[in-house]
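Reader: I would like a close look at the first helix of this model and at what surrounds it, followed outward into the rest of the fold as far as the computed values allow. Please take it step by step, and give the cut-off wherever a step of reasoning depends on one.

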Amino acid sequence: MDRELKRSIILDNYQNPYHRLRHDEDDYLKLNSRNVSCIDNIDVYIKIKDGVIEDISFEGEACVISISSTSIMASTLVGKTIDEALKIIENYDDMIEEKEYDKDILGEAVVYDDIAKQPSRKKCATLTWNGVYKKLLSLKEGK
């Protein structure tokens, strides 16, 4: 994917984030992802039914990378089983850490494939992904 297309996808997901909505309903799990070294503070809401992610939404204040990666994450994970979502997030993390990964399952998330060139932005790109991963893993393990 060329740089201009990546930039366009990131800006679109920042300026017009998909799934940006607060949910207070009881059937949504809520988690907070916060980066104490900057303004990034995002609440993520996840609705799971029969082991499938039916909805993910979020609200909060954060930088371009955090908001856009959260928007892309939500679009990528909705409709996936918990196991599928965990695998996608593991692949995303491998990509960010410059390890071997399967780009075919990441969809638009591949726009961050060179974020490692900006080490200070890695946390922005993974903030909510890591939070969702921990939440899904705890659900899978029954905790």
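Author: Two residues are said to be in contact when heavy atoms of theirs lie within 4.5 Å, and this is the sense in which packing is meant below. The model is a predicted one, and every value that follows was computed from it.

Helix α1 runs over residues 3-15, and its 13 residues should span 18 Å at 1.5 Å a residue, which agrees with the 18 Å between its end C-alpha atoms. At its N-terminal end the helix is capped by Asp-2, with a side-chain oxygen lying 3.2 Å from the backbone nitrogen of Glu-4.

The next step needs a cut-off, since a residue counts as buried under 20% relative accessible area and as exposed over 50%. By that rule Lys-6, Ile-9, Ile-10 and Asn-13 are the buried residues to consider in α1. They sit on the same side of α1, because the arc they cover around the axis is only 95°. An α-helix has 3.6 residues a turn, so residues three or four places apart point the same way. The buried residues of α1 pack against α2, which comprises residues 64-77, while Glu-4, Arg-7 and Gln-15 are exposed and are carried by the face turned away from the buried side.

The helix also takes part in the largest pocket, which holds about 360 Å³ of space. Its lining is made up of 14 residues, and those nearest the centre of the pocket are Arg-3, Arg-7, Ile-10, Asp-114 and Gln-118. The elements that contribute two or more residues to this lining are α1 and α2, and the largest share, six residues, is supplied by α1. Two residues of the helix thus appear twice in this account: Ile-10 is among the buried residues of α1 and among those nearest the pocket centre, whereas Arg-7 is exposed and is likewise listed nearest that centre.

Following the packing into α2, one comes to Ser-66, which belongs to that helix and is buried, with a relative accessible area of 1%. Apart from neighbours within four places in sequence, Ser-66 touches Asp-40, Ile-42, Cys-124 and Leu-127, and its side chain reaches the backbone oxygen of Cys-124 at 3.1 Å. From Ser-66 the C-alpha atom of Thr-128 is 7.7 Å away in space, although 62 residues separate the two in sequence.

Thr-128 is part of helix α4 and, with a relative accessible area of 1%, it too counts as buried. Its side chain makes a polar contact of 2.7 Å with the side chain of Thr-70. Thr-70 is also one of the residues in contact with Thr-128 once neighbours within four places in sequence are left aside, the others being Ser-33, Ile-42, Val-44 and Met-73. Ile-42 therefore deserves a second glance under the 4.5 Å definition of contact, as it is listed among the contacts of Ser-66 and among those of Thr-128.

Helix α3 meets α2 as well: what covers the buried residues of α3 includes β2 (41-49), β3 (52-61), α2 and α4 (122-140). This helix has 15 residues and extends 21 Å from its first C-alpha to its last, close to the 21 Å expected at 1.5 Å a residue. Its buried residues are Ile-82, Ala-85, Leu-86, Ile-88, Ile-89, Asn-91, Tyr-92, Met-95 and Ile-96. Of these, Asn-91 has a relative accessible area of 9%, and it touches Tyr-101, Asp-102, Ile-105 and Leu-106, residues up to four places away in sequence not being counted.

Two backbone positions in loops complete the picture. Most residues other than glycine have a negative phi. His-19, in the loop between α1 and β1 (28-34), has a positive phi of about 70° although it is not a glycine, and it is partly exposed, with a relative accessible area of 27%. Glu-98, which comes just after α3 and lies in the loop between α3 and α4, has a positive phi of about 60° and is not a glycine either; at 62% relative accessibility it counts as exposed.

Terms used
Residues numbered from 1 in each chain as written. Predicted model: local features only at pLDDT ≥ 70, side-chain atom pairs only at ≥ 80, totals over all residues. Heavy atoms only, no water. Helix = DSSP H or I, 4+ residues; strand = E, 2+ residues; numbered from the N terminus. Expected span 1.5 Å × (residues − 1). Buried < 20%, exposed > 50% of the residue type's maximum accessible area, 1.4 Å probe, protein only. Arc of directions from axis to C-beta. Polar contact = N/O pair within 3.5 Å; in protein donor to acceptor, adjacent residues only side chain to side chain. 1 Å grid on protein atoms, 1.4 Å probe; cavity = no way out; pocket = protein on both sides within 12 Å on 5 of 7 lines; lining within 4 Å. Points joined across faces, edges and corners; volume = space filled by probe spheres on them.
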